[in-house]
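The following exercises concern a single protein chain. Please examine the sequence and the model before working through the solutions.

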Amino acid sequence: MDDRRSTAAGAVIGVAVMAAVDEIVFHQVLGWHHFYDRSTPSVALLSDGLLHAAELLALVGGFFWFADLRRRGVLAARSAWGGFLLGAGAFQLFDGIVDHKVLRLHQIRYGVHLLPYDVVWNVAGAVLLLAGAALTWRAWSRPGGTP
């Protein structure tokens, strides 16, 4: 079993899936924000399209990597799931801290008190990240796992 590559492939898929959830739910369905809200509506829409393209490339690449590991018989499923959660949580926290607060590319929502939204957003990301770390640690700690 290849724990490291399985974790990495899962992480790429996790980042892509969380980016897709963010883009579909918060950008399109709810219309709360765009990836880049500090310009015109046309630029905001373009930024969403670029995010969507990057997310699709990561998703396809991650699944090809995953399929190759599986085809070669070295996929470590628990490590891949741990990587998936690590990637999803890392995306969520990066978006919540760097995109929302440091770079101020956008906020979760406009016209409301942000603190409850920020707390839920970042705590959800931290929970995903910690769950992924725990699952990865367990997978890598099993006999024969990656040290």
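**Exercise 1.** Which residues does Asp 118 touch, not counting residues up to four places away in sequence? Determine also whether Asp 118 is buried or exposed.

*Solution.* The model is a predicted one.
Step 1. Asp 118 lies in helix H4.
Step 2. With residues up to four places away in sequence set aside, Asp 118 touches His 100, Lys 101 and Ile 108.
Step 3. For Lys 101, the contact includes a polar one: the side chains of Asp 118 and Lys 101 make a polar contact at 2.7 Å.
Step 4. Buried means under 20% relative accessible area. The relative accessibility of Asp 118 is 11%, so Asp 118 counts as buried.

**Exercise 2.** Assess the length of helix H4 and identify the helices against which its buried residues pack.

*Solution.*
Step 1. Helix H4 covers residues 115-141, which is 27 residues.
Step 2. The expected span is 1.5 Å times one less than the number of residues. For H4 the expected span is therefore 39 Å.
Step 3. The end C-alpha atoms of H4 are 38 Å apart, which agrees with the expected span.
Step 4. The buried residues of H4 are Asp 118, Trp 121, Asn 122, Gly 125, Gly 132, Thr 136 and Ala 139.
Step 5. These buried residues pack against helix H1 (3-29) and helix H3 (77-102).
Step 6. A general rule assists in reading such a list: an α-helix has 3.6 residues a turn, so residues three or four places apart point the same way.

**Exercise 3.** Describe how H1 packs with helix H2 (residues 41-71).

*Solution.*
Step 1. The axes of H1 and H2 are 8 Å apart, and the angle between the helices is about 150 degrees.
Step 2. Angles over 145 degrees count as roughly antiparallel, so H1 is roughly antiparallel to H2.
Step 3. The crossing of H1 and H2 is left-handed.
Step 4. Residues making the contact include Val 12, Ile 13, Ala 16 and Val 17 of H1, and Leu 59, Phe 63, Trp 65 and Phe 66 of H2.

**Exercise 4.** Summarise the protein as a whole: how many helices and strands does it have, and what share of its residues counts as buried?

*Solution.*
Step 1. The protein has four helices and zero strands, in the pattern α-α-α-α along the sequence.
Step 2. Its C-alpha trace spans about 55 × 30 × 25 Å along the principal axes.
Step 3. Of its 147 residues, 36% count as buried.
Step 4. Among contacts with a separation of 6 or more, 77% join residues 24 or more positions apart.

Terms used
Residues numbered from 1 in each chain as written. Predicted model: local features only at pLDDT ≥ 70, side-chain atom pairs only at ≥ 80, totals over all residues. Heavy atoms only, no water. Helix = DSSP H or I, 4+ residues; strand = E, 2+ residues; numbered from the N terminus. Buried < 20%, exposed > 50% of the residue type's maximum accessible area, 1.4 Å probe, protein only. Contact = heavy atoms within 4.5 Å. Polar contact = N/O pair within 3.5 Å; in protein donor to acceptor, adjacent residues only side chain to side chain. Axes fitted to C-alpha atoms, helices over the stretch in contact; angles between N-to-C directions. Parallel < 35°, antiparallel > 145°, perpendicular 65-115°, else oblique. Left-handed = near helix turned anticlockwise from the far one by under 90°.
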